[in-house]
Structures are given as C-alpha cells and as structure tokens.
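Subject: Structure for you to look at

Hello,

Here is the structure I said I would pass on. My notes on it follow below.

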Amino acid sequence: TSTYLPGRGGAKRVTYECESERGLADAIEAWRLTLSSALFSVDVTEKVTAIELASAMEELAACEPCHVLAFVTQRLSGSHPQGINSLPLCDGEIDSLQQISRSAKECDQKAKLQTLLGLVETEDTGTSYVVFTNMAETGDRVAAYLNSELPPGRVLRHSTSQLARTQFTSENRGYVLICDRSAEEGLNLQKRGVVAVHYDLPFSPNRIEQRMGRLDRFGIGMSIKSLVLVCGGS
C-alpha cells in the first residue's frame, strides 16, 4: 500500500535573514495593535472587519511585499471602497500605515532569492524541484533570477501552454519548475524524486493542500518532501 499511498515527507523550515522583512513585520504588528486599541469598544461587526483587514495585510507582506504599498495607499486615500477596506481610518493609524509603506519599499527579496538558489542549485539529476509562489509576478521574478544563476534550460516557468509541465514530467533531468497560483489545481506534476519548495505560503490551508496535491499522486512511490522559506525573527 505504501507504494501507492506513500504519505507526506513533512515540511522543513529553511530560515533566511532579512532585516527589511523583519522591519515590515514589526511595522504591521504595531499597526495591528493600533487598530486593536482604537476598536476595543466598537461593534463586533467592525472588529471582524478589522481582523480581516489585518489578515489581508499580513498575507500580502508574507507573499508579495510590493503589494502592501498599493494596499496601504488605498487605505490612506480614504475612499473606503466596499469590503474590508471600508473600515474608517482609526486614531493614530496614519502614522502606522506610513511606517508600513516605508518598510515595504525596502523589501527587495534578495536574501530570500539567494537562499532559494542554495536549495536548488545542486546538480543532482535525481532531484527535481517545484517552486510554488502565490502571485504570478513573484513567479516571474523567481524564474528570472534562477535563470540568471543556473545552467541554461534547467529552470522552467509554468504557463497555461503546459509545455513546461510536459517537459518537467516527461524527462528525467533535474528541473526547477516555477509555479504560481494558476498551477494549484488540475495539474499532474507527478515525478520521482521531486521536492516541493514553498517560496511563500498563502493563509488558506486548502490552497496549500492543493499545491501538495499536484505532486502527491496515487502511485508516486515515495513521500513528497516540502521546504518552506521563512524569514528569521519575523
């Protein structure tokens, strides 16, 4: 039975150090505390909206810090569109949001990309990697960086054409396949000796399970290992 249903190989945290990302995490935490204090006595509906707002900000920071800038700008504009950003600005929030904006501008992801390179640059042809990113632009950035550092032809970028997927699964070479959210459902990336690398993690457990389901297929014959990139101290 284990041949057909081998189970999961567990997740290993791979820590990288980035002062700017820690600074962004600290700025968001200070902002969250400002919201919490300002909304202590308000209606429960507003508290729920604030929780959703903070969660959205945290997920953007964890997956694509440059999107934090647009999120903050929208909130500071006071336009209050429908949805979670409809919550009015709270006392003291403007200063906290401006600090988040300054911190987000400093996040270039260089340390994260260099750590990823260290994981996948081995020439061991028996191991292939699928690197999952939340957003397409993140996947493009990762693919461009790895293409500049690894031997020609080793990095594949998944797209709707499916050519990269076919090449990845049909050849025994140790490829590095970069996938974004569009690859989380419906694809069969089954291949012996493959490792999942979560460049970032969305906050939805179901989406993470969908990622693993691309690799953890019936009859794969061996458990799938996962590596998760985490900023130390954030």
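Please keep in mind that this is a predicted model.

**Overall picture**

The protein has eight helices and six strands. From the start of the sequence to its end, they come in the order β-α-α-α-α-α-β-α-β-α-β-β-α-β. There are 234 residues in the protein, and 44% of them count as buried. The accessible surface is about 11,600 Å², with 51% of that area belonging to carbon and sulfur atoms. Among contacts in the protein with a separation of 6 or more, 72% are between residues 24 or more positions apart.

**Thr133**

Thr133 sits in the loop that runs between β2 (128-132) and α6 (136-149). Thr133 counts as buried because its relative accessibility is 0%. A polar atom of the Thr133 side chain is 3.4 Å from the backbone nitrogen of Gly139. With neighbours within four places in sequence left aside, the contacts of Thr133 include Thr138, Gly139 and Val142. Others on that list are Cys179, Asp180 and Arg181, together with Tyr199, Asp200 and Arg211.

**His198 and Leu187**

His198 belongs to strand β5. At a relative accessible area of 3%, His198 is buried. Which residues does His198 touch, not counting those up to four places away in sequence? They are Phe132, Ile208, Arg211, Met212, Ser226, Leu227, Val228 and Leu229. Arg211 is thus in contact with His198, and Arg211 is also in contact with Thr133.

Arg211 comes up again with Leu187: the two are 24 residues apart in sequence, and their C-alpha atoms are 9.5 Å apart in space. Leu187 is placed in the loop between β4 (176-179) and β5 (194-198). Its relative accessible area is 8%, so Leu187 counts as buried.

**Leu97**

Leu97 is part of helix α4, and is buried, with a relative accessible area of 0%. Apart from neighbours within four places in sequence, Leu97 is in contact with Trp31, Met57, Val72, Arg75, Leu76 and Leu89. For one of these, Val72, there is also a C-alpha distance: 6.3 Å from Leu97, across 25 residues along the chain.

**Gln109**

Most residues other than glycine have a negative phi. Gln109 is not a glycine, yet has a positive phi of about 65°. Gln109 is found in the loop between α4 (93-105) and α5 (110-120). Is Gln109 buried or exposed? Gln109 is buried, at a relative accessible area of 3%.

**Cysteines**

How many disulfides does a search of the whole structure find? The search finds zero. Cys18 is therefore in no disulfide, as the nearest cysteine sulfur, that of Cys231, is 5.4 Å away, and the cut-off for a disulfide is 2.5 Å. Cys18 is buried, with a relative accessible area of 7%. Cys90 is buried as well, with a relative accessible area of 11%.

**Aromatic rings and charges**

The count of aromatic pairs comes to zero. Two lysines do sit over rings. Lys47 lies over the face of Phe40, 5.8 Å from the ring centre. Lys112 has its charged end over the ring of Tyr199, at 4.4 Å from the centre of that ring. Tyr199 is also one of the residues in contact with Thr133.

**The end of the chain**

Gly233 lies in the segment after β6 (224-231). Gly233 is exposed, with a relative accessible area of 67%, whereas Cys18 is buried. Gly233 and Glu19 are 214 residues apart along the chain, and their C-alpha atoms are separated by 9.0 Å.

**Where to look**

If you open the model with little time, I would start with Thr133 and the 3.4 Å approach of its side chain to the backbone nitrogen of Gly139. After that, look at Gln109 with its positive phi, and then at Lys112 over the ring of Tyr199.

Regards

Methods:
Residues are numbered from 1 along each chain as its sequence is written. This is a predicted model: local features need pLDDT of at least 70, side-chain atom pairs count only at pLDDT 80 or more; totals for chains, interfaces and linings use all residues. Side-chain values use heavy atoms; hydrogens and water are left out. Helices (H or I, at least four residues) and strands (E, at least two) are DSSP runs, numbered from the N terminus. Buried means under 20% relative accessible area, exposed over 50%, partly exposed in between (1.4 Å probe, protein chains only). A polar contact is a pair of N or O atoms within 3.5 Å; within protein, one must be able to donate a hydrogen and the other to accept it, and residues adjacent in sequence count only if both atoms are side-chain atoms. Contact means heavy atoms within 4.5 Å. Rings of Phe, Tyr and Trp (its six-membered ring) pair if their centres lie within 6.5 Å; planes under 30 degrees apart count as stacked, over 60 as edge-to-face and the rest as tilted. A charge sits over a ring if NZ of Lys or CZ of Arg is within 6 Å of the ring centre and within 35 degrees of the ring normal. Accessible areas come from the Shrake-Rupley method with a 1.4 Å probe; for residues, only the protein chains shown count as cover.
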